[in-house]
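User: I'm new to this one and would like a close look at a single part rather than a tour of everything. Could you keep it relaxed and spell out the terms as you go?

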Amino acid sequence: MGRRVVPLTLDNLSELPNPCRSCVFWELDPVSGRAAQDAGKGELEKEGWISAVLLEWGSCGRVAYVDDRPAGFVLYAPPAYVPRGQSFPTSPISPDAVQLMVSRVLPEFQGQGLGRVLVQSVAKDLIRRGFRAIEAFGAQGREIPSCVLPADHLLAVGFKTVRPHHRYPRLRLEARSTLSWKGDMEGALERLLGGRRKEPALRPF
């Protein structure tokens, strides 16, 4: 099974799953986002947002492929580019961090560790660019908005709560800590398999 993770660009934006390719929950403020969706301009607005971030800041997403089929993606950006984040009760995102906006793995590819691989790819990118951490607004309770990551999932992959809240806690993951996941698991597999390298069995995000 071939797996690869590549930067998100305008060329592969169309490979994001529906309705994610036209969702502007994070990219616009609540009023503008609702207006764009009502007018059927969500996909156009998302393309414009990604284009602007690519030009001004650089890569803001990753797409995972399994056997050349789109299997999942992740979006992230500094808080200045994420208007919706300012409306959360536990904002703002720390100045040394980038906001993890959304991460999705398609149902048929879940259970293969792709979610964690995506987080690792974000961490590597951010370290190269001088950021220390990834932060995200988690959701907890009975009804979790589809565009907000469940807090339980964030905690399961190593995020720690930095600002508690009964509904939308803010969580943080030190970027360098994610780089040890792969090395630790590969080392354990090497010892188990007599030195033969093998892709680690990672838990789903």
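The part to look at here is strand β5: which of its residues sit on each side, and are they buried or exposed?

Analyst: A quick word on the ground rules. This is a predicted model, so local features need pLDDT of at least 70 and side-chain atom pairs count only at pLDDT 80 or more, while totals for chains, interfaces and linings use all residues. Residues are numbered from 1 along each chain as its sequence is written, and side-chain values use heavy atoms, with hydrogens and water left out.

Let's place the strand before zooming in. The chain has five helices and seven strands (DSSP runs numbered from the N terminus: H or I of at least four residues for helices, E of at least two for strands). Along the sequence they come as β-α-α-β-β-β-α-β-α-β-β-α. The seven strands form an open sheet with mixed pairing, in the order β1-β2-β3-β4-β5-β7-β6 (two strands pair if DSSP finds at least two bridges between them). Its edge strands are β1 (3–7) and β6 (160–163), each pairing on one side only. β5 sits between β4 and β7 in that order.

Now to your question. Five of the five residues of β5 are buried, that is, under 20% relative accessible area with a 1.4 Å probe and protein chains only, where exposed is over 50% and partly exposed is in between. A133, E135 and F137 lie on one side, while I134 and A136 lie on the other, so both faces are covered. In a regular strand the side chains alternate between the two faces of the sheet. For the chain as a whole, buried residues make up 48% of the 205 residues.

What about the neighbours? On one flank, β4 and β5 pair in the parallel sense over three bridges, and Q99 has E135 as its bridge partner in β5. Getting from β4 to β5, the chain passes through α3, and this β-α-β crossover is right-handed (with the strands pointing away from the viewer, the path from the first strand over the helix to the second runs clockwise). On the other flank, β5 and β7 pair in the antiparallel sense over five bridges; there, A136 is partnered with L171 in β7. One step further along, three bridges join β6 to β7, again antiparallel, with K160 and R172 as bridge partners.

Q99 deserves a second look. It belongs to strand β4 (residues 97–105) and is buried, with a relative accessible area of 1%. Beyond its neighbours within four places in sequence, Q99 is in contact (heavy atoms within 4.5 Å) with residues including E135 and F137 of β5, and W26, L75 and I93 are also among its contacts.

β5 also feeds into something bigger. The largest nonpolar core (buried Ala, Val, Leu, Ile, Met, Phe, Trp, Tyr and Cys residues joined through side-chain atoms within 4.5 Å) has 57 residues, and I134 is among those with the most contacts inside it. β5 (133–137) supplies at least two residues of this core, as do β4, α3 (114–128) and β7 (170–174), among others. The helix α3 gives the most, with seven residues. That helix lies across β1, β2, β3, β4, β5 and β7.

Definitions and conventions:
Axes fitted to C-alpha atoms, helices over the stretch in contact; angles between N-to-C directions.
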